[in-house]
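Trainee: Could you take one part of this protein and go through it closely with me? I'd like to see how a helix sits among its neighbours.

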Amino acid sequence: MADPSDLVIDRTLVLLRHAKAVPPESMADLDRPLSERGRADAAAVGRYLVAEGIEADLVLCSPSIRTQETWEYAAEAGAITADLWFDRRIYNADTDGLLDVVREAPPEARTVILVGHAPGIPWLADQLALDGTSPERVELTRKYPTSGLTVLHHTVRWSDLAPDDCDLVDYVIPRG
């Protein structure tokens with residue numbers, strides 16, 4: 001039997017910026033929960049994933065409250081994952097740090113969702129997407145607000161993922 005990491009298989013990477021959080025007044029940044037709008041938008045993310053038939057083998061999530069709640073509300077709206085990993089390295093990570101986390105995804109995972117923060121998530125989307133001229137690509141480089149979501153396809157092993165390896169499938173901003 002072939003090693004799954006050696007097979008050329010279609011893989012999907014979803015880069016999700018957390019939904020809208022409450023302002024950082026008198027609380028640590030990691031402890032900021034979602035606002036009412038953020039909860040509605042996170043549910044809209046879940047509905048988008050369901051409508052597009054995107055089921056994650058793995059969700060990689062920052063340990064901040066707002067990222068955890070973003071995935072929780074998306075899941076309550078129907079988003080599915082086989083496994084959920086919280087990784088401190090995602091919080092305030094740059095593109096290299098985020099790419100290191102993604103490269104550790106198991107080779108058998110076909111769909112990975114990364115739930116993180118700006119500016120790392122928008123920068124990584126821009127770095128990975130091969131198509132530089134589509135309206136979606138131009139828009140994601142201009143504006144990547146809370147609940148912004150990029151869907152990327154590629155055929156390389158997670159461990160080999162590099163800039164310009166992905167086809168941009170969609171860039172959306174689900175709103176509740």
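Mentor: Let's start with one helix and its surroundings, then look at a second helix pair.

A quick word on ground rules: this is a predicted model, in which local features need pLDDT of at least 70 and side-chain atom pairs count only at pLDDT 80 or more, while totals for chains, interfaces and linings use all residues. Residues are numbered from 1 along each chain as its sequence is written, and side-chain values use heavy atoms, with hydrogens and water left out. Helices (H or I, at least four residues) and strands (E, at least two) are DSSP runs numbered from the N terminus.

Our helix is α4, residues 120–128, and its partner is α5, residues 135–142; their axes come within 9 Å and cross at roughly 150 degrees. That angle makes α4 roughly antiparallel to α5. The labels work like this: under 35 degrees is roughly parallel, over 145 roughly antiparallel, 65 to 115 roughly perpendicular, and the rest oblique. The axes are lines fitted to C-alpha atoms, for helices over the stretch in contact, and the angles run from 0 to 180 degrees between N-to-C directions.

Who touches whom? From α4 you have Pro 122, Ala 125 and Asp 126, and they meet Arg 137, Leu 140 and Thr 141 of α5. Sorted by class, this contact has 3 nonpolar, 1 polar and 2 charged residues. Contact here means heavy atoms within 4.5 Å. As for the classes, Ala, Val, Leu, Ile, Met, Phe, Trp, Tyr, Cys and Pro are nonpolar, Asp, Glu, Lys and Arg are charged, and the others, Gly among them, are polar.

Now look at what α4 tucks away: Gly 120, Ile 121, Pro 122, Leu 124, Ala 125 and Leu 128 are buried (under 20% relative accessible area; exposed is over 50%, partly exposed in between, with a 1.4 Å probe and protein chains only). These buried residues pack against β1 (11–17), α3 (95–103), β4 (111–116), α5 and β5 (149–154).

In the loop between β4 and α4 you'll find Pro 119. A cis peptide bond joins Ala 118 to Pro 119, with omega about 10 degrees. In general, most peptide bonds are trans.

The loop between α5 and β5 is also worth a look. By the ring rule (centres within 6.5 Å for rings of Phe, Tyr and Trp, using the six-membered ring of Trp; planes under 30 degrees apart are stacked, over 60 edge-to-face, the rest tilted), the count comes to 1 aromatic pair. The rings of Tyr 144 and Tyr 171 have centres 5.2 Å apart and planes at 45 degrees, so the pair is tilted. Tyr 144 is in that loop and Tyr 171 in strand β6 (residues 167–172), so the pair links distant parts of the chain, 27 residues apart. Tyr 144 is buried at 7% relative accessibility, and Tyr 171 is buried too, at 8%.

For the second helix pair, take α1 (residues 36–51) and α2 (residues 65–76), which pack at about 55 degrees with axes 7 Å apart. That makes α1 oblique to α2. Their contact includes Ala 42, Gly 46 and Leu 49 of α1, along with Trp 71 and Tyr 73 of α2. By class, the contact divides into 7 nonpolar, 2 polar and 1 charged.
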